[in-house]
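Welcome! Here is a friendly walk through one protein, told as questions and answers. Take a look at it before reading on.

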Amino acid sequence: MSEELNYRGLPLGTRIGNLFAILLPIAGLIFAIVHLWGTGVDLPQIVLMTLMYILTGFGITIGYHRYFTHKSFSTSRPMVALLGILGSMATEGSVIRWCATHRSHHRHSDRDGDPHSPHGHGEGLKGLLTGLWTAHMGWIFHPAPTDSLA
């Protein structure tokens, strides 16, 4: 059984860093929309961006994660194809590689061998940023774990 982590005990600097990592991209997006409104960004672009964000999010969460990785439900072949296409449009890699990485994550969650754990990357700001990168995007650039491809 894996050890339970106590996230309440995280240092204040780490919690503040996490807060900034969550809020800065949203603030940057809002800032860009406000300042570019009428010169490249108008309502059609916002609607299209929002629609694609939702659809590709469904492709990853429902398709890659719930259907392909965990086999949580069954559905028609056209829906399987649609979920696979939408997941691929999220640019997080192929369905086979994504599933292998995610299964390895479950097998080694927040321990050595976890392909996208934010933990264990050192102390201070550098460790925090390295962990943030690895957990959210860095794992995409690492080789697929071989323990989950069988």
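Helices are DSSP runs of H or I with at least four residues, strands are runs of E with at least two, and the numbering starts from the N terminus. Please keep in mind that this is a predicted model.

Q: How many helices and strands are there in the protein?
A: Read from the N terminus on, the elements run α-α-α-α-α. The count for the protein is 5 helices and 0 strands.

Q: What percentage of the residues of the protein count as buried?
A: A residue is called buried when its relative accessible area is under 20%. The protein has 150 residues, and the part of them that counts as buried is 25%.

Q: Among contacts between residues at least 6 apart in sequence, what percentage join residues at least 24 apart?
A: A contact here means heavy atoms within 4.5 Å. Among contacts in the protein between residues at least 6 apart in sequence, the share that joins residues at least 24 apart is 56%.

Q: How are H2 and H4 oriented to each other: roughly parallel or roughly perpendicular?
A: Helix H2 covers residues 43–69 and helix H4 covers residues 95–107. They pack with their axes 10 Å apart, at an angle of about 70 degrees. Angles from 65 to 115 degrees count as roughly perpendicular. The two helices H2 and H4 are therefore roughly perpendicular.

Q: How many residues of the contact of H2 with H4 are nonpolar, polar and charged?
A: On the H2 side, the residues are Ile60, Tyr64, His65, Phe68 and Thr69. They meet Val95, Trp98, Cys99, His102, Arg103 and His106 in H4. The residues of this contact divide into 6 nonpolar, 4 polar and 1 charged.

Q: Which residues do ring pairs link into a cluster?
A: A search of the whole structure finds 4 aromatic pairs. Ring pairs link these residues into a cluster: Tyr64, Tyr67, Phe68, Phe73 and Trp98.

Q: Why is the pair of Tyr67 and Phe68 given its name, and what is that name?
A: A pair of aromatic rings is described by the distance of the centres and the angle of the planes. For Tyr67 and Phe68, the centres are 5.0 Å apart and the planes stand at 85 degrees. Planes over 60 degrees apart count as edge-to-face. The pair of Tyr67 and Phe68 is therefore edge-to-face.

Q: What kind of pair do the rings of Tyr67 and Phe73 form?
A: Their centres are 5.3 Å apart, with the planes at 55 degrees. That angle is neither under 30 degrees nor over 60. The pair of Tyr67 and Phe73 is therefore tilted.

Q: Is Phe73 buried or partly exposed?
A: Two of its cluster neighbours make a useful comparison: Tyr67 is buried at 16% relative accessibility, and Phe68 is buried with a relative accessible area of 16%. For Phe73 the value is 32%, and values between 20% and 50% count as partly exposed. Phe73 is therefore partly exposed.

Q: Which ring does the charged end of Lys71 sit over?
A: Lys71 lies in the loop between H2 and helix H3 (77–89). Lys71 is exposed, with a relative accessible area of 56%. Its charged end is 5.7 Å from the centre of the ring it sits over, which belongs to Tyr67.

Q: What is phi of Thr91?
A: Most residues other than glycine have a negative phi. Thr91, in the loop between H3 and H4, has a positive value instead. Thr91 is also exposed, with a relative accessible area of 63%. Phi of Thr91 is near 55 degrees.

Q: Which residues does Glu92 touch, not counting those up to four places away in sequence?
A: Glu92 is found in the loop between H3 and H4 and is partly exposed at 22%. Its C-alpha lies 9.4 Å from that of Trp139, although Glu92 and Trp139 are 47 residues apart in sequence. Leaving out residues up to four places away in sequence, Glu92 touches Ile60, Trp98, Trp139 and Ile140.

Q: What is the relative accessible area of Gly138?
A: Gly138 has its place in the segment after helix H5 (124–136). Gly138 and Pro115 are 23 residues apart in sequence and 9.1 Å apart in space, C-alpha to C-alpha. Gly138 is buried, and its relative accessible area is 1%.

Key: Residues numbered from 1 in each chain as written. Predicted model: local features only at pLDDT ≥ 70, side-chain atom pairs only at ≥ 80, totals over all residues. Heavy atoms only, no water. Phe/Tyr/Trp six-rings, centres within 6.5 Å; stacked < 30°, edge-to-face > 60°. Buried < 20%, exposed > 50% of the residue type's maximum accessible area, 1.4 Å probe, protein only. Lys NZ or Arg CZ within 6 Å of the ring centre and 35° of its normal. Axes fitted to C-alpha atoms, helices over the stretch in contact; angles between N-to-C directions. Parallel < 35°, antiparallel > 145°, perpendicular 65-115°, else oblique. Nonpolar A, V, L, I, M, F, W, Y, C, P; charged D, E, K, R; others polar.
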